[in-house]
Amino acid sequence: MKIVMASDHGGYELKEEIKKHLIENGYEIEDIGTHSKESVDYPKYGREAAEIVAAKKADKGIICCGTGIGISLAANKVKGIRCAVVSDTFSAKMSRAHNDANMLSLGGRVVGAGLALEIVDTWLSTEFEGGRHERRVSQIEG
């Protein structure tokens, strides 16, 4: 599975922890930045990662900023993207099972690395349930 990753400066350290974990577990990672803690604008990174997922050049996307909120808002502007901001494992599971989220957003100032890795593992291992949820997801697409 190929995963595109992106962050701003507020999510940089968390992105790096997640990237290391995913590589160790056999995932192919495309890291589009940022590559330091120097201040950058999150919309650029959220949108670029979302465009890669929407174009099916990556299977899923994981993005980070200080809260996970701003970068997710930018990602969700791209048609076909369902990016969930998550800070617990139950929400990670439901975002996949019921909402078929194709991107995950985490806050580097909200969750620690240990919890973030549990969230990522839960999110990646949960399949979309389909069924009645398909109708609802299609309504999100408009």
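**Strand S3 and its neighbours**

I looked up isoleucine 63 first and found it opposite serine 105 in S5. This is a predicted model, so I read every position below as a prediction. On the S1 side, isoleucine 63 is the bridge partner of alanine 6. I then checked how the strands run: S1 (residues 2–7) and S3 are parallel, joined by 5 bridges. S3 and S5 (residues 103–107) are parallel too, again with 5 bridges.

How many residues of S3 (residues 60–65) are buried? I got 6 of 6. Side chains in a regular strand alternate between the two faces of the sheet, and here both faces are covered. Lys60, Ile62 and Cys64 are buried on one side, and Gly61, Ile63 and Cys65 on the other.

**The two cysteines**

Cys64 and Cys65 had me looking for disulfides, and the count came to 0. The sulfur of cysteine 65 is the nearest cysteine sulfur to that of cysteine 64, and it is 8.1 Å away. A disulfide needs the sulfur atoms within 2.5 Å, so this pair does not qualify. Cysteine 64 is buried at 0% relative accessible area, and cysteine 65 counts as buried at 4%.

**Helix H1**

I checked the length of H1 (residues 12–24): its 13 residues should span 18 Å at 1.5 Å a residue, and the end C-alpha atoms are 18 Å apart, which agrees. Its buried residues are Tyr12, Leu14, Lys15, Ile18, Lys19, His21 and Leu22. I see them packing against S1, S2 (28–31), S3, S5 and helix H5 (113–125). Just after H1, glycine 26 has a positive phi of about 90°.

**Salt bridges**

My search of the whole structure gave 10 salt bridges. I wrote down three of them.

- Lysine 2 meets glutamate 30 at 3.3 Å, N to O. The two sit in S1 and S2, 28 residues apart. Lysine 2 is partly exposed at 22%, and glutamate 30 is partly exposed at 26%.
- Aspartate 31 pairs with lysine 15, with the closest N and O atoms 2.8 Å apart. Aspartate 31 is in S2 and lysine 15 in H1, so the pair ties together parts 16 residues apart in sequence. Aspartate 31 is buried at 19%, and lysine 15 is buried at 0%.
- Glutamate 141 meets arginine 82 at 2.7 Å, N to O. Glutamate 141 is in helix H6 (residues 132–141) and arginine 82 in the loop between H3 (69–75) and S4 (83–85), 59 residues apart. Glutamate 141 is partly exposed at 32%, whereas arginine 82 is buried at 14%.

Which residues share partners in one salt-bridge network? I noted Lys15, Glu16, Lys19 and Asp31.

How values were computed
Residues are numbered from 1 along each chain as its sequence is written. This is a predicted model: local features need pLDDT of at least 70, side-chain atom pairs count only at pLDDT 80 or more; totals for chains, interfaces and linings use all residues. Side-chain values use heavy atoms; hydrogens and water are left out. Buried means under 20% relative accessible area, exposed over 50%, partly exposed in between (1.4 Å probe, protein chains only). Helices (H or I, at least four residues) and strands (E, at least two) are DSSP runs, numbered from the N terminus. Two strands pair if DSSP finds at least two bridges between them. The expected span of a helix is 1.5 Å times one less than its number of residues. Contact means heavy atoms within 4.5 Å. A salt bridge is a side-chain nitrogen of Lys or Arg within 4 Å of a carboxyl oxygen of Asp or Glu.
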